[in-house]
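Welcome! Let's take a friendly look at where charged side chains sit in a protein model and how they pair up.

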Amino acid sequence: MAAIRSKGTYLHAQYKRIKPRRGHARAIKAVEHSIVVAIYHMLDRGQPYHDQGTDYFTHLDSPDRQAAHHLAKLRELGYQITAEPSAV
C-alpha cells in the first residue's frame, strides 16, 4: 500500500493506470507482482532499484512511437511508405 501511496513513482502510475479497468484488488496485485519482479532482478544482478518515473507509461504510447510502429508494420507487409507529420 505504501508503494501506491507514494506520489511520483512508477508503481503509483501503474496502480492509477490499472485501477479503472481492473479494480482496486487486481491493481494492488499487479503492483505487488512488479515489486517481486524488481526484487528478483535486484538480487540477481546486484544492482539497486531504479524507478522508471511517473511518465514512463505516457512515453510508451507517444504518437511518434505509435507512428513508427505502424509504419514498420506496413513496410513488413511490402508497402513503400513515406510519411510526414501534418502542419497543425
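Is Glu76 buried or exposed? With a relative accessibility of 61%, Glu76 counts as exposed, because the cut-off for that label is over 50%. Keep in mind that this is a predicted model. The model holds two salt bridges, and there is also a positive patch on the surface.

**The salt bridge in helix α5**

- Glu76 pairs with Lys73 in a salt bridge, and their closest N and O atoms are 3.9 Å apart.
- Both residues belong to helix α5 (residues 63-76), where they are three residues apart, so about one helical turn separates them.
- Lys73 counts as partly exposed, at 40% relative accessibility.

**The salt bridge in helix α3**

- Lys29 and Glu32 form a salt bridge as well, with 3.5 Å between the closest N and O atoms.
- These two residues lie in helix α3 (residues 24-45), three residues apart, which is about one turn of the helix.
- Lys29 is exposed, with a relative accessible area of 56%, whereas Glu32 is partly exposed at 37%.

**The positive patch**

- Four residues make up this surface patch: Arg17, Arg21, Arg22 and Arg26.
- Helix α2 (residues 10-22) contributes the most to the patch, giving three residues.
- Arg17 is located in helix α2.
- Arg17 is partly exposed, with a relative accessible area of 38%, so Arg17 passes the patch cut-off of over 30%.

Methods:
Residues numbered from 1 in each chain as written. Predicted model: local features only at pLDDT ≥ 70, side-chain atom pairs only at ≥ 80, totals over all residues. Heavy atoms only, no water. Patch = residues over 30% accessible without salt bridge, like charges linked within 9 Å, V, L, I, M, F, W, Y side chains within 5 Å. Areas by Shrake-Rupley, 256 points an atom, 1.4 Å probe, with all protein chains shown as cover. Salt bridge = Lys/Arg side-chain N within 4 Å of Asp/Glu carboxyl O. Lys, Arg positive; Asp, Glu negative; His and termini not counted. Charge placed at Lys NZ, Arg CZ, Asp CG, Glu CD. Helix = DSSP H or I, 4+ residues; strand = E, 2+ residues; numbered from the N terminus. Buried < 20%, exposed > 50% of the residue type's maximum accessible area, 1.4 Å probe, protein only.
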